[in-house]
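Please look through the sequence and the structure shown below, and then read the short report that follows.

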Amino acid sequence: MRNRSSLSQACTLAALVAWLGLWPVPAAAQQEEATAYQDSVVVQQEQATTPAVVKWKIYRDERYAFRLSYPADSQVQTGRDRGYQYMRVHNYESESGGRSAMQPGEYHLEVLIFDHRLGHRMRSSCRELVREAHQVRAGKVNALRGLAEQGDDAAGTSFALCLQAGKVDVLVMATEQDPLGRLANRLLDGVRFGN
């Protein structure tokens, strides 16, 4: 009986010492605490230096069963050209003010839809249009993703997502000034087929 009482008192004392922070903390736990603190400081610093995040909108195309998300301050255009249909989202105008180069934070995204039922065909296969391609899952379909074939637009770096299916081919290109394509790749991450 006396041993049980002594054990209970020892446990209570140990809990009190630990609660007061007087118990020695193992080095591994100290390192974890220090790392967690440093990570929280880095996050706070990033939040302090990062501009406010702009809410994104979602564009849905029911006919071709795809969707994508984009910054709310963008312009959206849809239409048909000779040989394809398109959807463009951008916050960049090459004609404005005579500028020829994109500024940081500006982008241009273009979705080209080649509907075989309308006689539309891509000029080349996805393997030829996308450099450094790797296969990805874009919603319910597989697609190729990489760098877009270099065109005559020297405004920035273009990243691409391309798929070819039985009745439709789709080429999505996102262009921005950043060679790492942080915004362009985020835009491509939001493209989903087979809603």
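## The disulfide

When the whole structure, which is a predicted model, is searched, 1 disulfide is found. This disulfide is formed by Cys126 and Cys162, whose sulfur atoms lie 2.0 Å apart. The pair links distant parts of the chain, since Cys126 belongs to helix 3 (residues 126-129) and Cys162 to strand 8 (residues 157-164), with the two positions 36 residues apart in numbering.

The torsion about the S-S bond of Cys126 and Cys162 is about -70°, and the disulfide is therefore left-handed. Cys126 is buried, and Cys162 is buried as well.

## The sheet

Strands of a sheet pair through backbone hydrogen bonds, and this pairing can be either parallel or antiparallel. In this model, 7 strands form an open sheet with antiparallel pairing, and their order is 3-4-5-9-8-7-6. Strand 3 (75-81) and strand 6 (130-138) stand at the edges, where each has a single partner strand, so one side of each is left without a neighbour in the sheet. On average, and with direction ignored, neighbouring strands of this sheet are turned by 20° against each other.

Within the sheet, strand 4 (residues 84-90) and strand 5 (residues 107-115) run antiparallel and are joined by 6 bridges. The bridge partner of Val89 in strand 5 is Leu109.

## A helix on the sheet

Helix 4 (residues 182-189) packs on the sheet, where this helix touches strand 5, strand 7 (141-148), strand 8 and strand 9 (168-176). The direction of helix 4 makes about 155° with that of strand 9.

Definitions and conventions: Residues are numbered from 1 along each chain as its sequence is written. This is a predicted model: local features need pLDDT of at least 70, side-chain atom pairs count only at pLDDT 80 or more; totals for chains, interfaces and linings use all residues. Side-chain values use heavy atoms; hydrogens and water are left out. A disulfide is a pair of cysteine sulfur atoms within 2.5 Å. Helices (H or I, at least four residues) and strands (E, at least two) are DSSP runs, numbered from the N terminus. Buried means under 20% relative accessible area, exposed over 50%, partly exposed in between (1.4 Å probe, protein chains only). Two strands pair if DSSP finds at least two bridges between them. Axes are lines fitted to C-alpha atoms, for helices over the stretch in contact, and angles run from 0 to 180 degrees between N-to-C directions. Contact means heavy atoms within 4.5 Å.
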